[in-house]
Each structure stands twice: as structure tokens, then as C-alpha cells.
Amino acid sequence: MAAHVGAIDQGTTSTRFLIFDRAGGIVAMAQREHRQICPAPGRVEHDPAEILANTEAVAAAALARAGLGAGDLAAVGLTNQRETTLLWNRADGQALHRALVWQDTRVEPLVRGFAAAGGADRFRARTGLPLASYFSGLKLAWLLDAVPGARARAEDGEALFGTVDAWLAWHLTGGAHVTDVTNASRTQLMNLATCAWDPEMLAAFAIPAACLPAIVSSSQVVGEIAGGVLRGVPLAALIGDQQAALVGQGCFAPGEAKNTYGTGCFLLMNTGTAPVASRAGLLTTLAYRFGTEAPRYALEGAVAITGALVQWLRDNLGLIGAAREIEALAASVPDNGDVYFVPAFSGLYAPYWRADARGVIAGLTRFSTRAHLARAVLEATAFQVADVVAAMAADSAIPLAALRADGGMVENALLMQFQADLLGVPVLRPRVAETTALGAALAAGLAVGFWRDAEEVRESIGIERRFVPAMAAGDRARLRARWAQAVERSFGWAG
């Protein structure tokens with residue numbers, strides 16, 4: 001068998017191709033950015049043809065750097081930005097409109113209309129999701145009405161819908177119209193219990209079933225790649241980016257969780273083979289499905305401002321010259337000096353869901369220095385993650401044993417140690433930082449027998465460093481209580 005597996009990591013700002021060996025190590029990588037098209041306030045679009053061309057280009061570049069060919073790859077997995085919505089012609093494969101990116105908010109009037117008729121949570125029991133401009137279903141409804149002739153073609157099955165995974169899979173395989181359960185779960189059109197398109201959701205949003213892709217497992221061969229440098233390689237995994245990171249971190253048991261520390265944070269906890277309804281405003285979503293196994297579910301919580309707060313400290317206040325400087329500055333003081341920073345710049349997400357909240361800095365005195373403020377900025381990330389973890393524990397009744405961490409901020413050892421102290425459980429930093437692409441590769445490898453089973457996959461996921469909690473329980477409780485006070489001060493600022 002070939003000794004490598006490839007992964008397409010199609011993200012919001014760029015497309016990458018990574019090649020992994022059997023030990024989960026990166027052999028080669030290539031990356032290419034694509035344009036962010038913003039034709040009007042609240043509108044964010046991508047050029048689907050540009051994304052497809054970039055996918056082919058980075059695959060060729062990575063193979064060339066590794067000195068490998070298609071025959072050296074056992075399979076290719078695909079992970080993608082979720083919720084971004086496309087519509088294209090079956091006959092020629094041309095997009096009928098630029099892709100509507102997950103950040104695009106043009107469907108807010110539709111969201112308000114549906115919410116007025118039954119509340120923001122009227123579809124949550126079926127789909128696990130509240131009404132929001134974030135998800136794909138209403139974006140598709142907008143495209144069907146905005147593009148001349150699109151609805152009639154969709155009803156005839158001549159116009160095809162998909163998220164980015166479906167768009168790329170269709171072109172790469174020469175016509176397989178498929179999406180996996182993780183991406184389908186983010187459309188608000190899939191029934192969580194059946195993992196099938198929900199007839200009542202299709203009727204509510206006026207979506208013709210003929211335009212929808214088949215829903216497949218996250219780990220299964222959906223076809224052979226039909227052309228280009230990857231010709232003949234099985235396309236053996238489709239999986240949304242945050243779920244791919246969950247797989248790439250080896251979170252295969254209920255209660256295992258990962259957090260991606262980036263501009264914001266995405267925290268997912270595996271809850272097992274049954275969906276868990278959230279009472280704390282979290283999303284209930286698919287974690288993954290391997291082959292014919294039962295689907296695994298997850299709770300997901302998002303924090304809006306984490307790494308972005310470090311950027312704000314740099315760009316708006318000028319207290320640091322580069323983001324990497326914050327760790328040394330924060331470490332120059334032994335604690336936060338009782339200063340707390342709640343970064344509710346545009347409200348608070350899970351578990352508070354307070355759109356009226358705004359950012360506050362609490363506890364300033366003459367003693368406070370820029371080092372205390374830097375420490376408060378870092379600690380704000382850990383406090384917000386701890387709030388989401390607490391909500392997940394309350395919803396699932398599954399205690400967290402450890403938190404697996406990935407993303408750009410995990411290089412900050414001070415933050416990782418404080419996170420472990422605040423949670424009272426170890427925080428694990430992986431050996432391979434590219435956990436999203438690794439998750440797609442692992443899922444693809446499982447589908448073709450490159451790896452035997454999930455346990456062998458777990459062995460390929462090494463831990464580079466384990467941060468063990470060292471804080472006394474009383475100190476942890478005091479800090480969490482002071483943070484809660486600061487959060488309360490942020491409420492009600494925006495009427």
C-alpha cells in the first residue's frame with residue numbers, strides 16, 4: 001500500500017494540501033490564499049472557481065515538494081470551511097453565483113421573519129441549531145430566489161446545492177454529488193436523529209429536495225479523483241473543519257473535547273451516539289461518522305473574541321509591538337492584580353448570549369500596569385473557555401477529563417497553564433499542530449485501511465506537552481467568582 005495520505009484543508013482565507021506519513025507526521029505542505037469579496041456591508045463572498053483552481057494548484061505543489069506522485073497516496077481526505085453555500089449547474093459545473101461565506105449576513109431579514117413566527121429556537125429540536133444567518137439553509141433559500149431561473153433548475157435537479165466539500169467533491173470525482181453528516185448538520189436542513197434531510201425543514205425553507213447532495217459518512221470512499229495530479233486517488237473523507245480537528249485530536253470517547261484557540265475559540269465535546277439537547281445555548285451537531293458505524297454527536301460552543309483581543313491590545317492600544325510579546329509581558333507579574341477584561345465587543349456568545357453586553361475592564365487601580373492588563377487579556381480567553389466547558393458539563397452530565405488544545409494561541413505556555421489551572425484538568429498540546437488537516441487525513445486513512453481502527457489512529461496522535469493543573473481549588477473558585485462579577489458588569493450596556 002502507498003505510504004502516505006493527503007489532506008485538502010479548504011479554509012475561509014486559503015486552501016492547503018498536506019501530505020502525512022503513517023506516523024501522522026507532515027511530509028509536505030502547500031498553501032494558496034483566495035480573495036475575500038465584500039460587495040456590500042454584511043456580504044462576504046468567495047469565487048468557487050478560484051477555490052477549485054487553488055485546490056488543484058496546492059496539491060501539485062505539495063506533491064512536487066515531497067517528490068511524490070498520485071500513486072504514493074493511499075487516499076485523500078477533504079476538510080472545509082463549514083456553512084459556506086454554493087449553487088452550480090449540473091450540466092457544466094459552473095457556479096450560478098459566488099459562494100455565500102458563513103460570515104455573510106444578508107439573510108438576516110429571513111432569520112427575523114422565521115423567528116417572529118415561532119422564536120429563534122423553533123427548529124432546534126430537529127436540527128440542533130437556532131435560527132441564525134450563520135447556517136446554510138437560508139443562504140440557499142436566498143440564492144434560489146435571487147438568481148434568475150435558479151429555483152426552477154433546482155426543482156428539476158439541474159442546479160445543485162452544496163457546501164464547499166460538496167463543490168470540490170463533485171469536481172474532483174467528475175460528478176459525485178455528496179456531503180458528509182458534519183457539513184449537512186450545519187445546513188439546518190438535516191434531522192439530527194435520522195442524519196437525513198428533514199422534509200419539514202425543506203418545506204419550511206422552500207428547498208427542493210432534487211438539488212440536495214446525498215449525505216454520506218465522514219470516512220468512506222466517495223469516488224476516485226478523475227483528473228489532474230491526484231488522478232486515481234480515492235477521495236475517502238469529507239468532514240467540516242472543527243469536527244476534523246476533533247478527530248485530529250483523537251477525541252473518540254464521550255467527554256473528550258478539543259478547543260481551537262484562534263481569533264475566536266471553537267470548543268467541541270464528543271457526547272457519544274445520541275444527540276444532547278442544550279439548555280445553555282450551545283449547538284448540538286454531528287461530530288463524525290466512520291463508515292457504517294453509528295454517528296457520533298457533539299456539543300459545540302463558540303467564543304467570539306480570544307486571539308482577536310491580543311490583536312486589539314497591539315493595534316488599538318499599542319501596548320505590545322507584536323502578538324508574541326504578550327506572554328513575556330504578562331509573565332512579568334505574578335498575577336492579574338485583580339484586573340479582569342471582558343471582551344464583549346459585540347456582545348457575548350455561549351453560554352451567556354447577551355447581545356447587549358459590551359467590553360469592560362474591571363478592577364483597575366493605581367497599582368495596575370500594562371503587564372496586568374496583558375495578563376487580563378490572556379486570562380480572558382481561559383475564563384471564556386471555562387464558561388463554555390461548564391455549560392457543556394451541565395448539558396451532557398459528562399465531566400471533562402482533559403482538554404486537547406490546538407490553534408495559534410497554544411504556543412503561549414502561560415495561557416495553557418492558566419487554562420489547566422482554571423479547569424482543574426490537564427490541557428494537552430499535540431505534537432502535530434495541523435490537527436484539522438490531520439483529522440481529514442486520519443478519516444481518509446481509516447476508510448481505505450491505511451490505519452486499522454480508531455485506536456491505531458490515536459497512537460499516531462502524539463502529545464507534545466501536558467499542562468497539569470497546579471492551582472488550589474480555593475484560588476480557582478475565587479478567580480471564577482471575580483470573573484463572573486466582571487461579566488455581569490458588561491450586561492445591558494447596549495440597549
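In this predicted model, helices α9 and α14 meet through a defined set of residues: D241, A244, A245, V247 and G248 on the α9 side are in contact with T435, T436, L438, G439, A440 and L442 on the α14 side. Helix α9 covers residues 241–248 and helix α14 covers residues 435–447. Their axes come within 7 Å and cross at roughly 75°. Because the crossing angle has that value, α9 is roughly perpendicular to α14. By class, the residues of this contact divide into 6 nonpolar, 4 polar and 1 charged. Two packed helices are described by the angle between their axes and the distance between the axes.

The next element to follow is a sheet. Six strands form an open sheet in the order β3-β2-β1-β5-β14-β13, and the pairing is mixed. At the edges stand β3 (26–33) and β13 (219–224), each of which pairs on one side only. From one strand to the next, the twist averages 25°. Strands of a sheet pair through backbone hydrogen bonds, either parallel or antiparallel. Within this sheet, β1 (residues 4–10) and β5 (residues 73–80) pair in the parallel sense over 6 bridges. As a point of reference along these strands, Q10 stands opposite N80 in β5.

Two helices lie across strands of the sheet. Helix α1, residues 48–66, lies across β1, β2 (14–21), β3 and β5, and runs at about 150° to β3. Helix α6, residues 164–173, lies across β1, β5, β13 and β14 (234–240), with a direction at about 145° to β5. Strands β1 and β5 are thus among those crossed by α1 and also among those crossed by α6.

Enclosed space comes next. How many cavities of 30 Å³ or more does the structure hold? There are 2. The largest cavity has a volume of about 90 Å³. It is lined by 16 residues, of which V303, L348, Y349, A350 and Q384 are the closest to its centre. Three elements, β18 (296–303), α12 (370–396) and α16 (473–490), each supply at least two residues of this lining. The lining of the largest cavity has 13 nonpolar, 2 polar and 1 charged residues.

The second largest cavity holds about 50 Å³ of space. Its lining consists of R375, L378, E379, L414, L415 and F418. Helix α12 appears here as well: α12 and α13 (413–423) each supply at least two residues of the lining. In the second largest cavity, the lining has 4 nonpolar residues, no polar ones and 2 charged ones.

Pockets, in contrast to cavities, are open. The second largest pocket has a volume of about 330 Å³. Of the 16 residues that line this pocket, V310, A323, R324, G408 and M409 are the closest to its centre. The elements that give two or more residues to the lining are α10 (307–315) and α11 (326–331). Which of the elements gives the most to the lining of this pocket? Helix α10 does, with 4 residues. By class, the lining of the second largest pocket has 6 nonpolar, 6 polar and 4 charged residues.

Key
Residues numbered from 1 in each chain as written. Predicted model: local features only at pLDDT ≥ 70, side-chain atom pairs only at ≥ 80, totals over all residues. Heavy atoms only, no water. 1 Å grid on protein atoms, 1.4 Å probe; cavity = no way out; pocket = protein on both sides within 12 Å on 5 of 7 lines; lining within 4 Å. Points joined across faces, edges and corners; volume = space filled by probe spheres on them. Nonpolar A, V, L, I, M, F, W, Y, C, P; charged D, E, K, R; others polar. Pairing = 2+ DSSP bridges. Axes fitted to C-alpha atoms, helices over the stretch in contact; angles between N-to-C directions. Contact = heavy atoms within 4.5 Å. Parallel < 35°, antiparallel > 145°, perpendicular 65-115°, else oblique.
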